[in-house]
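Subject: Structure handover

Hi,

Here is the structure you were waiting for. Please open it next to this email.

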Amino acid sequence: MKTPRRFLPSLSLLQAFETAARTQSITAAARELSLTQSAVSRQIRALEAQLGSVLFYREKQTIRLTPAGAAYAVEIRAALHKISSASLTLRANPGGGTLSLAILPTFGTRWLAPRLPEFLALHPGITINLVTRLTQFDFATEAVDAAIHFGAPDWPGAECSYLRGEHVVPACAPGLVEKYGITALSDLRAAPLLHLASRPDAWEKFFERNGLAPQRLHGMLFDQFATAAQAAMVGLGVALLPEFLIEEEIGSGRLVVPLEARMRSDEAYYLCTPHARGQNGPVEAFRTWLGAVAQAAEAAETARRAAQP
């Protein structure tokens, strides 16, 4: 449905309003926009007239947002940001083919980023923009085309394509193994255990699935795998980490896995894309490539484990 023009104020009016709302000053807004104070005031009054609503209280030489103005400012600021981001993206890649991808920090930096050159070599016309997101968000309010998600395939309003699973293992600094004499699973209970906020019951599940009765466990809490891994490397405790994300640290000896016990996580990694966006060439190309690469990597890891004595 076509939007009536009276509900589409010009960008100059909206920018004058947003700047004045953000700075709470006509003078500051005029300075930022390189306009006169009277020009900014006229633009704001013209916007109020077009909307039929008062956006600011005028009190002597000061302005203050009305409740309606405050709510409108939030929406307009987000809209102007989306327009700015779209323009920046187009300027960076005038040929089109941009993919904005939300990534999980550790998965994105340790596993995905080293593999992206392969995708870009196969699809030289596509530009990838990366943003970090730790939790689910509303695709309708974010300028993001797809997201890497760990959990169940249940992102509202989005299609979730399976990428791969994971096995978690207890990992720590070599000195910690000696300090606590870790030779059996039960020895871990005497060592300091490191926990992730997103997986608060991981250690309980790990012990239970490896034959030990679950019990309440205490220890330091972290919000990301990267910080938990770093804490484990400096000897603060034993962390339960995805094996495929710490291969480099294990190979260098900065982390050791003192026991053969491991656990396959109930959740998995998915590429999630919003239903409402329809078909998107860069997204489809990335989905096909990433799914094949991720599942091949998982199959190779499974084969290596099976070949170990």
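Below are some notes on its aromatic pairs, a buried glutamate and the nonpolar cores.

This is a predicted model, so local features need pLDDT of at least 70 and side-chain atom pairs count only at pLDDT 80 or more, while totals for chains, interfaces and linings use all residues. Numbering starts from 1 along each chain as its sequence is written, and side-chain values use heavy atoms, with hydrogens and water left out.

Aromatic rings

The whole structure holds 17 aromatic pairs. Rings of Phe, Tyr and Trp (its six-membered ring) pair if their centres lie within 6.5 Å; planes under 30 degrees apart are stacked, over 60 edge-to-face, and the rest tilted. Phe-137 and Trp-155 make an edge-to-face pair, because their planes stand at 85°, with the ring centres 5.1 Å apart. This pair links distant parts of the chain, 18 residues apart. Phe-137 is in the loop between β4 (127-132) and β5 (146-151). Trp-155 is in the loop between β5 and β6 (158-164). Helices (H or I, at least four residues) and strands (E, at least two) are DSSP runs, numbered from the N terminus.

Phe-137 is buried at 13% relative accessibility, and Trp-155 is buried at 5%. Buried means under 20% relative accessible area, exposed over 50%, and partly exposed in between (1.4 Å probe, protein chains only).

Ring pairs also join Phe-107, Trp-111, Phe-150, Phe-244 and Tyr-269 into a cluster.

Charges over rings

Arg-133 lies over the face of Phe-137, 5.8 Å from the ring centre. Arg-164 has its charged end over the ring of Phe-244, 3.7 Å from the centre. The test is NZ of Lys or CZ of Arg within 6 Å of the ring centre and within 35 degrees of the ring normal.

Glu-301 touches both Arg-164 and Phe-244, as well as Glu-247, not counting residues up to four places away in sequence. Contact means heavy atoms within 4.5 Å. Glu-301 sits in helix α11 (residues 281-307) and is buried, at 10% relative accessible area.

Nonpolar cores

A core is a set of buried Ala, Val, Leu, Ile, Met, Phe, Trp, Tyr and Cys residues joined through side-chain atoms within 4.5 Å. The largest has 27 residues. Trp-111, Leu-112, Ile-148, Phe-286 and Leu-290 touch the most other members. α11 gives the most to this core, with eight residues. Apart from it lies another core of 20 residues, including Leu-13 and Leu-55.

Best wishes
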